[in-house]
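Good morning, colleagues, and thank you for your time. Please take a moment to look at the structure on the screen before I begin.

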Amino acid sequence: MRVALFGGSFDPPHHGHIAIAMAAADVFDLHRVLFAPVGRQPLKQERIPASFDDRLAMVELACRADPRFTVSNLDAPRSDGAPNYTVETLATLQEAIPEARLFNLVGADSFLDLPRWHEPERLLEVAEWIVVSRPGFPLPDLSALGLTSSQRGRVHLLQTVHEDVAATNLRERLEAGDPCADVLDPAVSAYIQDHHLYR
């Protein structure tokens, strides 16, 4: 079984997230993509506008787009308030489904920050990586990142996704009352309106 963890704030989940997950699932023959909203990101200190519960609910609505997609609370806020580290989430997932071939799905912008992640060497041991190009962030030159040949072999590049959705701009539009029907699943847009998020 081939399983990918897809973490992030998902604040809110939009068509760009779905396009990335669909492309990765198609190209790498993934059986499941676990959308895991993060409780507290260690590399982003700003407050996340929507609560974890609201983001989890919105992701659940967005995940109905594909039967391979599942929402997961693996990265829920920790009771001690500590940051959520991807390496720990992946290790937990590896223990839960040891028979799975595990991938971590990220955008090229996040992957370029890998040296700043918690235990970066172990991250590449626990899971293979699917790195997706994003507008303004072309796929990295792996040989220039100082990775060993073994590590480079665990990184897979995907450049077929061209959805350009900036979360900050999206939240600004929502704050102004725009339902953002062009980039949000109708059920997610309705949830945002019903719960008065981003206003």
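I shall start with a contact between two helices. Asp53, Asp54, Ala57, Met58, Leu61 and Ala62 in α2 meet a group in α8 made up of Ala187, Val188, Tyr191 and Ile192. By character, the residues of this contact are 8 nonpolar, no polar and 2 charged. I should say at once that we are looking at a predicted model.

How do the axes of these two helices stand to each other? The axes of α2 and helix α8, the latter covering residues 186–194, come within 8 Å and cross at roughly 155°. Angles over 145 degrees count as roughly antiparallel, and α2 and α8 are therefore roughly antiparallel to each other. The hand of the α2 and α8 crossing is right-handed.

Helix α2 also leads us to the sheet. Spanning residues 52–62, α2 lies across β1, β2 and β3, and runs at about 155° to β2. A further helix, α1, formed by residues 15–27, lies across β1, β2, β3, β4, β5 and β6, with a direction of about 150° to β2.

Let me now turn to the sheet itself. The sheet is open, has 6 strands, and follows the order β3-β2-β1-β4-β5-β6 with parallel pairing. At its edges are β3, residues 69–71, and β6, residues 155–158, each of which pairs on one side only. On average, neighbouring strands of this sheet are turned by 25° against each other, direction ignored. As a general reminder, strands of a sheet pair through backbone hydrogen bonds, either parallel or antiparallel.

I would like to close with strand β1. Which strands does β1 pair with, and over how many bridges? With β2, strand β1 shares 6 bridges, and the two run parallel. Within that pairing, Phe6 has Phe35 in β2 as its bridge partner. With β4, residues 101–107, strand β1, residues 2–8, pairs in the parallel sense over 4 bridges. There, Leu5 stands opposite Asn104 in β4.

Is β1 mostly covered or mostly open? The strand is mostly covered, as 6 of its 7 residues are buried.

To review the path we have taken: we began at the contact of α2 with α8, passed to the sheet that α2 lies across through β1, β2 and β3, and ended at β1, which pairs with β4 and with β2. Thank you for your attention.

Note on methods:
Residues numbered from 1 in each chain as written. Predicted model: local features only at pLDDT ≥ 70, side-chain atom pairs only at ≥ 80, totals over all residues. Heavy atoms only, no water. Pairing = 2+ DSSP bridges. Axes fitted to C-alpha atoms, helices over the stretch in contact; angles between N-to-C directions. Contact = heavy atoms within 4.5 Å. Parallel < 35°, antiparallel > 145°, perpendicular 65-115°, else oblique. Left-handed = near helix turned anticlockwise from the far one by under 90°. Nonpolar A, V, L, I, M, F, W, Y, C, P; charged D, E, K, R; others polar. Buried < 20%, exposed > 50% of the residue type's maximum accessible area, 1.4 Å probe, protein only.
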